[in-house]
Amino acid sequence: MKISSNIFKSDFVKNVLTLMTGTTIAQAIPIAVTPILTRIYTPDDFGVFALFLAITAIAGAIANGQYEQAILLPKSDDDAINLVVLGVLITCVFSFLLFVIILLFNTNIANLLGNKELENWLFLVPLSTLLIGIYNSLNFFNIRKKEFKNVSISLVSRSVSLSLSQVIIGLIALGPIGLIVGQIVSFLSGNMILFKTLKEAKTNVVISKNNIKKQAKFYKKFPIFSLPSIFINSINLNIINFLISSIFSFTTLGFYSLTQRIVGIPARVIGSSFSQVYFQKASQEYNEKGTTEIIFIKTLKKLVAISIPIFLILFFVAEPVFAFVFGEEWRVSGIYAKLLIPLAAIRFVSSALSNTLAVHQKQQFGLIINLLLLITTIFVFTYSKFNNIDFLNILTLYAIVLSIEYLLFIILYWRISKLT
């Protein structure tokens, strides 16, 4: 009993639980609403929405030049706030350039992606990218200030606004407009919550052009190495949506998108919470001791202990639960889920520990890792396409190969955590 009490008194666990509480509620609301959404929207609507999310995820990941990752690292809040401003400025410029590109090549982009209907929604991509970029900077600043409760509240606020928007608009308008607009409203809501911490902190801080330039130069490894790395990683995580829609159909993509929505819950609820708290704790340990091995091993053990029961249960109940909760039409999504769950379990652990690279400023390894993942994904689907392999067998091959790679990444992160 004494050991258990001490565990729950630790800052690490309390911070994780705070984030997990907010994240759990934030994930529970959309999941509770999903059975309604699957009866309002068609698999094709979900397919269009999946492509929109893929585009904005890639754009949003690079919108800040990856300077948001550096916000946790300075010893001074002055420097951290100037980094926030730097990230937001880069986001504004990037979003404007994106708007110009879409304004000029809207039809061409839609045709290139093989979905004419996307032409109607591409103009919302720059706005969504802008809000995502701002959210990322504000989120990391709140983590730096240990305002984990504030982060949790923002997640819940995003979730409520997302679900309400998607249901209400879906009831009064046909097509994917409700799904897309709901996503934009969600990030707008989250930004309003997170901005409060920055507003309070910047009272006695001098934001200057010189300091912004100084931070940009000092943390230049983030745009040089992390930016291409996260860009490739975002493409890797989302390219499967483009490949599915081009090789198979938007209906198949719609079924797959629901699979990802559900199978990804543990990573979004628990993994992201561990990742954010681990990043903060690892940064602190590195500044004090010059290494992160102790916090790495502790976090690894916790992640493995949590992942095994969660993903085992999910594996055995996936197919019948998908059919019962979302409708018999969506049973195929449950079949896809069973194939991807082993990969999801390993990636759950690996992704949460990947911030080890940022703390040790070994971003070049992240670039190599994401290049490998991207090449692997393209190879698997290209090989399958030319050999007329059906979608279920493609997912099986994809899951096996990437599971092996993610295991190797965990070993790499452990070795880097030992460096001084």
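1. A good place to start is just past helix 15: N388 follows this helix and has a positive phi, near 55°. Please keep in mind as you look around that this is a predicted model.

2. Now step back into helix 15 itself, which covers residues 363-386. From first C-alpha to last, its 24 residues reach 35 Å, close to the 34 Å expected at 1.5 Å a residue.

3. Which residues of helix 15 are buried? They are Q363, G366, I369, N370, L373, L374, T376, T377, V380, F381 and S384. These buried residues pack against helix 9 (221-247), helix 14 (356-359) and helix 16 (391-417).

4. For the wider view, the chain has 16 helices and 0 strands. Among its contacts with a separation of 6 or more, 84% are between residues 24 or more positions apart.

5. On overall form, a compact globule of 420 residues would have a radius of gyration near 22 Å, and the chain agrees with its 21 Å. Along the principal axes, the C-alpha atoms fill a box of roughly 55 × 55 × 40 Å. Of the 420 residues, 54% count as buried.

6. The surface deserves a look too. The chain exposes about 18,800 Å², with carbon and sulfur atoms supplying 69% of that area. One nonpolar surface patch is formed by V93, F96, L97, F99, V100, I101, L103, L104 and F105, with about 890 Å² of accessible area together.

7. Take F99 from that patch as a closing example. This residue sits in helix 4 (residues 77-112), and it counts as partly exposed because its relative accessibility is 38%, which lies between the 20% limit for buried and the 50% limit for exposed.

Notes. Residues are numbered from 1 along each chain as its sequence is written. This is a predicted model: local features need pLDDT of at least 70, side-chain atom pairs count only at pLDDT 80 or more; totals for chains, interfaces and linings use all residues. Side-chain values use heavy atoms; hydrogens and water are left out. Patches are made of residues with over 30% relative accessible area and no salt bridge: like charges are joined within 9 Å, nonpolar side chains (Val, Leu, Ile, Met, Phe, Trp, Tyr) within 5 Å. Accessible areas come from the Shrake-Rupley method with a 1.4 Å probe; for residues, only the protein chains shown count as cover. A salt bridge is a side-chain nitrogen of Lys or Arg within 4 Å of a carboxyl oxygen of Asp or Glu. Helices (H or I, at least four residues) and strands (E, at least two) are DSSP runs, numbered from the N terminus. Buried means under 20% relative accessible area, exposed over 50%, partly exposed in between (1.4 Å probe, protein chains only). The radius of gyration is taken over C-alpha atoms; the globule rule is 2.2 Å times the number of residues to the power 0.38. Contact means heavy atoms within 4.5 Å. The expected span of a helix is 1.5 Å times one less than its number of residues.
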